[in-house]
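Let's take a friendly walk through a protein fold, starting with its sheet and then turning to what packs around it. Have the coordinates open as you read.

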Amino acid sequence: MAAQVISISNHKGGVGKTTSVVNLGAGLHQLGKRVLMIDMDPQANLSQSLGVFEPEKSVYTMLRGFCKIEDAMQELELDLQLIPSELDLSGAELELSMEAGREFILKDHINKVKDNFDFILIDCPPSLGLLTINAFTASNQVFFPLQAQFLATQGLKKLLEVIEKVQQRLNQDLEVGGVFITQFDKRKILNRNVKDAIEKHFGDKLFKTVIRENVALAEAPSRQTNIFKYNPKSNGALDYWGLAQEVLDRTTVNA
């Protein structure tokens, strides 16, 4: 069966998007799934969090047609692979703007390896340009990480408008697959109130698992690893394990 392709997106910075791709991917891998992570952000935080710096072949060289998708993959562990990013990707939107079918370039590459994985997770850039459109066009679902803060849902209207346009014009199969709350502290009244508001707004799209504020999640990237290797007994590991299980359960039900 072909992979579930999931974009993790939010153009608000600091919401734990990259942290979620790293640790959701690692959690699904620990649950026995074949996982590919794709770093579509020119800042390359996902790649660097996993110890990959200045790759010879990357998502940029792949999108430009300089290498095949298989050549851009780096094996982190058996059945866990990464297509890294690099700063040159920041120029890709301009360089690809005149390409015919430019919105489908990533999808065309992914289709060549889709049967080799159970999950393909795409770390989207914090913008709504061509790179994000490519990710949405290639995906079955989009997940939103949201902080339990007052401005958490600000800007989501624009993001949902972009998704609707992609659904209409480029990818009828795309859907909002889920929303999950990050950096949550149940001791804070504001966090609890915002969580209630998000639940009312998104209903059953909101994952039950909440990612709690946890220092180990911030420390793991400095060790260039995921939370399960860095501190498997931490709240961060427990929460991302729960989220991975919930994602797996949802995709199994919808398969």
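Two strands count as paired here if DSSP finds at least two bridges between them. Keep in mind that you are looking at a predicted model. With that rule, seven strands make up an open sheet, ordered S3-S4-S2-S5-S1-S6-S7, and their pairing is mixed. Strand S3 (74-77) and S7 are the edge strands, each pairing on one side only. If you step from one strand to the next, the twist averages 25°.

Have a look at the S3 edge. S3 pairs with strand S4 (residues 80-83) in the antiparallel sense, over three bridges. There you can find Gln 74 standing opposite Leu 82 of S4.

Now add some helices. Helix H1 (residues 17-30) packs on the sheet and touches several strands, among them strand S1 (4-8), strand S2 (35-39) and strand S5 (119-123). The direction of H1 makes about 170° with that of S5. Towards the S7 edge, H8 lies across S6 and S7, running at about 180° to S6.

What does helix H9 (residues 189-202) pack against, and which of its residues are buried? H9 has 14 residues and reaches 20 Å from its first C-alpha to its last, close to the 20 Å expected at 1.5 Å a residue. Its buried residues are Asn 191, Val 194, Ile 198 and Phe 202. Seen down the axis of H9, these buried residues fall within an arc of 70°, so they line one face of the helix. The general geometry helps here: an α-helix has 3.6 residues a turn, so residues three or four places apart point the same way. The buried residues of H9 pack against strand S6 (141-147), helix H8 (156-169) and strand S7 (175-182). On the other side of H9, Ile 189 and Lys 200 are exposed. Just after the helix, Gly 203 takes a positive phi of about 60°.

Finally, turn to the nonpolar interior. The largest nonpolar core has 50 residues, of which Ile 38, Leu 63, Leu 106 and Ile 122 touch the most other members. Helix H7 (residues 130-138) gives the largest share of this core, six residues. Try centring your view on Leu 106: setting aside neighbours within four places in sequence, its contacts include Ile 38, Leu 63, Ile 122 and Ala 138. Apart from this core lies another, of 30 residues, including Leu 50, Phe 207, Ile 227 and Ala 244.

Conventions: Residues numbered from 1 in each chain as written. Predicted model: local features only at pLDDT ≥ 70, side-chain atom pairs only at ≥ 80, totals over all residues. Heavy atoms only, no water. Helix = DSSP H or I, 4+ residues; strand = E, 2+ residues; numbered from the N terminus. Expected span 1.5 Å × (residues − 1). Buried < 20%, exposed > 50% of the residue type's maximum accessible area, 1.4 Å probe, protein only. Arc of directions from axis to C-beta. Contact = heavy atoms within 4.5 Å. Core = buried A, V, L, I, M, F, W, Y, C linked by side-chain atoms within 4.5 Å. Axes fitted to C-alpha atoms, helices over the stretch in contact; angles between N-to-C directions.
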